[in-house]
Amino acid sequence: MTKNLLLVTGIMTALGVAGLLSLPNLSEAQTPVTPMKPAARPLAPPCNTMSDLKPLPPDARPDTPRELTPIDQTTKDKILNSGLPCQENVNTTGPDRNKTPLENIQRGFDFYSWLTFIALNSPADGRGIEKSAPNTKTKWEDMSNFRQLLDVMLPGGRAPKWEDEKIIPAGCRSQYKSGMMVIEMIEETFNQPFKTGPLIDQRASYALFDILMNKQTFDYIERHGLYSKPVQMSEDRSKLKIDFPAGESREIMLQLFPELSSKDDPGSIILKVSWKILDPKDDKGKFHTVDALVSMPRHDPQSEPPCLRKTLGLVGFHVMHKTKSRPQWIWTSFEHVDNVPEQKDVEARNLKASYNFFDPSCDTAKCKVNETPPRPWEPKHALGLKFYNKEFKSQITRVIPLTDDTKEMNKKFQDILGKTVWKNYMLLSTQWPSDFGCTRRFSDSPEPSTDFKKEPDMTCAPVPTFLANSTLETYSQGSEPLASSSCMACHGNAVSYQQRPPNLNPDDFFNQSDFTFMLEKAR
Amino acid sequence: MSDSPHQERRTIAPDATDDDEKSGRVTRRTVLAGAAATAAATVVAVDPPARAHSVDANLPEDMTAFVQLSVALTGIDKGKLSPFVDPVDIKRDYFNWVNEREPAAFENLLRIAKENAGGQPDPAQPILAKVPAGDDATLTPSEIEAKYLARSIVLMWYLGAWYDPHKLRMSDASPFDFKVISPKAYTQAWALRVAQAHPMGFSEMQFGYWTREPDTPLHFIGKDIPRGA
C-alpha cells in the first residue's frame with residue numbers, strides 16, 4: 001500500500017505545495033452544516049481477540065495439535081459480529097505440518113484482516129454486516145468513528161476538534177443532504193502515489209481516492225498540534241518523536257508481554273479508499289455505494305468550484321493499524337473482485353466478461369497493459385469527472401497473484417457474507433513486519449518505544465515483501481526493490497515538517513512521522 | 001492465543017556472542033575475509049564416490065547444510081543469513097544458482113557441512129577445518145573445485161554477485177568479471193552491512209540516519225565486532 005499518495009518529500013515540496021495553494025479557502029467558503037450523530041456502537045473496545053486457530057483448553061499440553069477456526073455457517077454469526085481486533089492474534093504453528101512458520105503467521109494476519117474489514121464495514125447503526133444493503137452506511141463512513149484527512153488538516157493550520165461538524169464546501173451546500181459523502185478533488189484525489197498518474201475506469205471516469213483516520217490518530221495529531229505546519233516546524237516540536245498510539249488487547253498482551261500493564265484499545269487506524277464513479281450501465285448491486293458530492297477544483301476565481309453529485313462504488317480499501325507488537329503497523333489491502341484480472345489469467349485467456357479497469361476484448365497492442373494515461377492528467381472543468389481522452393481506458397492487470405492460501409480464506413469469508421455486497425470484495429494480502437528482533441525491543445526503549453532511530457532495517461523485514469492494490473498502487477506493482485510497491489518500505493520514508501534547530505544535537509533529532517505521510521498535508 | 005515470536009526469536013538468534021576464537025568469536029578481519037579463512041583451513045580429501053549429483057533446496061537437510069556452510073564461510077550469524085521467518089529467502093536463490101552451475105562441487109561442500117556440523121554447538125569451525133584450501137598443487141581436482149566454489153559462495157553472500165569459480169582459479173582473470181545475481185541479491189549483499197552501511201541506491205534505514213552514529217554491528221550482522229578489531 002504504498003507509495004502513498006500523500007506523498008513523498010521531494011515531490012511534495014514542488015507539486016504538493018502547489019496543490020495545497022490551489023485548494024479553496026475553506027475558512028471563508030465553507031461552513032459546517034451537519035450535526036454529528038454518535039454511532040450506536042463503538043468500534044472497540046471490547047476488542048475482538050479471535051484467532052485463525054481454535055483456542056486451546058487451559059489444561060492443554062504444549063504439543064497439542066492446533067485446529068483452524070472454522071469459517072462456515074456454524075461460526076458465521078460469531079465471526080460476523082465479533083468486532084474489531086485491537087491487536088493481531090497470530091501463531092507460528094497450525095494443523096498442517098507442511099506449512100512454514102511464515103505461512104502460519106500469514107494466515108493469522110489474513111484472518112485478522114478479514115475481521116478488521118468486517119468490523120469496519122459493518123453498518124454504522126450497530127447491526128451486523130449480514131444486514132447490509134449496498135448503500136448502508138458503514139462504521140468507517142460514520143463521522144463518530146473516522147474523519148477525512150481534509151477535515152483534520154484545516155486551512156491556515158486551524159485546530160480541528162473531533163466534535164466539529166462536517167465541513168461542506170460552499171459550492172456543495174445547496175445539494176448536500178445528511179449522510180452524504182463529500183470528497184474534495186485535490187490532486188491526491190485522482191493522482192496515484194508518487195504522482196504516477198490517474199486510474200481511468202472502463203466508463204472513462206477517474207477513480208477517486210480518499211484518506212481517513214480514527215479518533216486515536218486524530219487525538220494524537222490534535223494533542224501535538226501536528227495539523228499545523230508552523231507548529232510542526234517550531235523549535236518546541238523539534239524534539240517530538242512522533243509515535244501514534246498502538247492498539248492492544250489485554251488478553252493478547254498477557255500472553256505476549258505479561259510483564260507490561262495493558263488495556264483494551266484499538267490504537268491508531270488509518271484508511272485509504274478508492275471509489276469508482278458508477279454510471280447507469282454499472283450494476284450498483286455489486287458494490288458498496290455512497291451518495292457523494294465531489295467538490296471540483298476551482299477554475300474561476302469569481303465563482304465557487306462546481307460540485308457534482310455521484311454514486312460511488314467502493315473498489316479499494318487499505319487499512320493501516322498500529323499495534324503494540326507491530327509498531328511498523330499492519331497493512332491490510334482489499335479490493336473489488338471485478339477490478340482487474342491477474343496477469344496469468346490474461347495470458348491463459350481465463351477472463352470474466354468485464355472488469356472495472358480492464359477490457360477483455362481489447363487487443364494488447366491497442367490497450368497497453370498497466371500504462372499511465374496520456375497527459376494532461378488533471379480533470380477538465382467542462383468534462384466533470386470524465387477523462388478528456390475518450391479513447392483511453394486503463395487496461396490494468398494484477399502483476400503479483402494472490403496466494404492459494406489467501407484465495408482459500410477469501411472464499412470462506414465470501415461464503416459467510418452471504419448475499420451482501422461484501423462478498424464481492426477480496427483480501428489481497430496483509431503486510432506485517434517479520435523481524436522479531438526489530439519489534440521486541442520496544443518495551444525496553446524510551447519513547448517512541450521503538451528502535452527505529454538506528455535500525456539497519458526499520459521496516460523489520462516486511463512479509464510479503466511487495467504488496468500493491470490494483471486501484472491504489474496501480475503503476476508500481478511488481479517485485480523490483482525500491483521501484484515496486486511495498487507498504488512499509490515506502491511509508492518508512494515518511495517524515496513531517498519538523499526541523500532541527502542549529503543548537504540541537506543530530507542524535508537528538510528524529511524526523512520520522514511514524515509511517516504516515518498524512519502530516520505533510522498540514523497547513 | 002498468540003505464540004510469542006519475540007521470545008522464540010531469542011532461542012534462534014541469541015544476541016550474545018562468544019568470547020573466544022574457538023567458539024566462533026568474529027572479528028572485523030575474519031568477517032571481511034571469509035575466503036581467507038577457507039584458505040587457512042586444513043586440507044582434506046573431498047573426492048566422493050562416483051554417483052549422481054542430487055542436492056535440492058527443498059530438502060531440509062540440504063538447505064540446513066547450505067546455511068551452516070554459509071555461516072562458516074562468511075562469519076555472519078545464522079539468524080541473519082536464514083531468519084526463522086524469512087520473507088526474502090535469498091538463500092534459496094543462492095542455493096539454486098550454485099546448484100545449477102556447479103552441482104558436483106556444491107554437493108561436495110554440502111557433504112562436508114553435513115558430516116562436520118552434527119552435534120556441534122558452533123559448527124563453523126569444524127566445517128571450515130574441512131573445506132579444501134591451501135596450495136592447488138597439493139589438492140586433488142575435486143578439492144580444487146570445492147576450494148574455489150567456496151570462495152565464490154563467500155563472494156556471492158557478500159556482494160550479491162557471481163564470480164565464476166573457474167575464473168577465480170585463473171591467476172590472470174580480471175577481478176571485475178562478475179554478474180549481479182538479481183536485483184534482490186544486490187539489496188541483500190552483506191559487504192556494506194558489515195560496514196554498518198547499505199547498498200548504494202537501496203536503504204531501509206531511518207530518514208536522517210546519516211547524521212547519527214551507526215548502530216552496532218550486532219544489529220547488522222548478528223554478531224558484535226569490537227572497535228579496532
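This is a conversation about a predicted model of two chains, A and B.

Colleague: How many helices and strands does chain A have, and what share of its residues count as buried?
Modeller: Chain A comes to 12 helices and 11 strands, and 50% of its 523 residues count as buried. Where contacts in chain A have a separation of 6 or more, 74% of them are between residues 24 or more positions apart.

Colleague: And chain B, how many helices and strands there?
Modeller: In chain B there are 13 helices and two strands, and 41% of the 229 residues count as buried. For contacts in chain B between residues at least 6 apart in sequence, 67% join residues at least 24 apart.

Colleague: Back to chain A, is strand β10 enclosed or exposed, and why?
Modeller: Strand β10(A), residues 425-433, is largely enclosed by the rest of the structure, because nine of its nine residues are buried.

Colleague: Which strands does β10(A) pair with?
Modeller: One partner is strand β9 of chain A, residues 326-336, which pairs with β10(A) in the antiparallel sense over six bridges, and there E335(A) stands opposite M426(A). Another is strand β11 of chain A, residues 462-463, which also runs antiparallel to β10(A) and is joined to it by two bridges, with P462(A) as the bridge partner of P433(A).

Colleague: Which residues touch the most other members of the largest nonpolar core?
Modeller: That core has 102 residues, and those touching the most other members are W114(A), I118(A), L208(A), L271(A), W275(A), W331(A) and F334(A). Helix α4 of chain A, residues 101-121, gives the most to this core, with 10 residues.

Colleague: What is F334(A) in contact with, leaving aside its neighbours within four places in sequence?
Modeller: F334(A) is in contact with F117(A) and F317(A), and also with Y425(A), M426(A), L427(A) and L428(A). Apart from the largest core lies another core, of 44 residues, including A65(B), V98(B), L128(B) and A150(B).

Colleague: Since that brings up chain B, at what angle do helices α4(B) and α7(B) cross?
Modeller: The axes of α4(B), residues 60-74, and α7(B), residues 103-117, cross at roughly 85° and come within 8 Å, which means that α4(B) is roughly perpendicular to α7(B). On the α4(B) side the contact is made by E61(B), D62(B), A65(B), F66(B), Q68(B) and L69(B), and on the α7(B) side by L109(B), L110(B), A113(B), K114(B) and A117(B). By class, these are seven nonpolar, one polar and three charged residues.

Colleague: How does α7(B) pack with α9(B)?
Modeller: Helix α9(B), residues 141-159, packs with α7(B) at an angle of about 80°, with the axes 9 Å apart, and the two are therefore roughly perpendicular to each other. Among the residues that meet are F106(B) and L109(B) in α7(B), and L149(B) and A150(B) in α9(B).

Colleague: Changing topic, where are the cis peptide bonds you would point out?
Modeller: One joins P45(A) and P46(A), with omega about 5°, and P46(A) lies in the loop between β1 and α3 of chain A. Another runs from V463(A) to P464(A), with omega near -10°, and P464(A) is in the loop between β11 and α12 of chain A.

Colleague: And W329(A), with its positive phi, is that buried or exposed?
Modeller: W329(A), whose phi is near 70°, is found in strand β9 of chain A and is buried, because 28 other C-beta atoms lie within 10 Å. F194(A), which has a positive phi of about 60°, counts as partly exposed, with 19 C-beta neighbours inside 10 Å.

Note on methods. Residues are numbered from 1 along each chain as its sequence is written. Chains are lettered from A and ligands numbered from 1 in the order in which they are written. This is a predicted model: local features need pLDDT of at least 70, side-chain atom pairs count only at pLDDT 80 or more; totals for chains, interfaces and linings use all residues. Helices (H or I, at least four residues) and strands (E, at least two) are DSSP runs, numbered from the N terminus. A residue is buried if 20 or more other C-beta atoms lie within 10 Å of its own, exposed if 12 or fewer, and partly exposed in between; C-beta atoms are placed from the backbone. Two residues are in contact if their C-beta atoms, placed from the backbone, lie within 7 Å. Two strands pair if DSSP finds at least two bridges between them. Axes are lines fitted to C-alpha atoms, for helices over the stretch in contact, and angles run from 0 to 180 degrees between N-to-C directions. Angles under 35 degrees count as roughly parallel, over 145 as roughly antiparallel, 65 to 115 as roughly perpendicular and the rest as oblique. Ala, Val, Leu, Ile, Met, Phe, Trp, Tyr, Cys and Pro count as nonpolar, Asp, Glu, Lys and Arg as charged, and the others, Gly among them, as polar. A nonpolar core is a set of buried Ala, Val, Leu, Ile, Met, Phe, Trp, Tyr and Cys residues joined through C-beta atoms within 7 Å.
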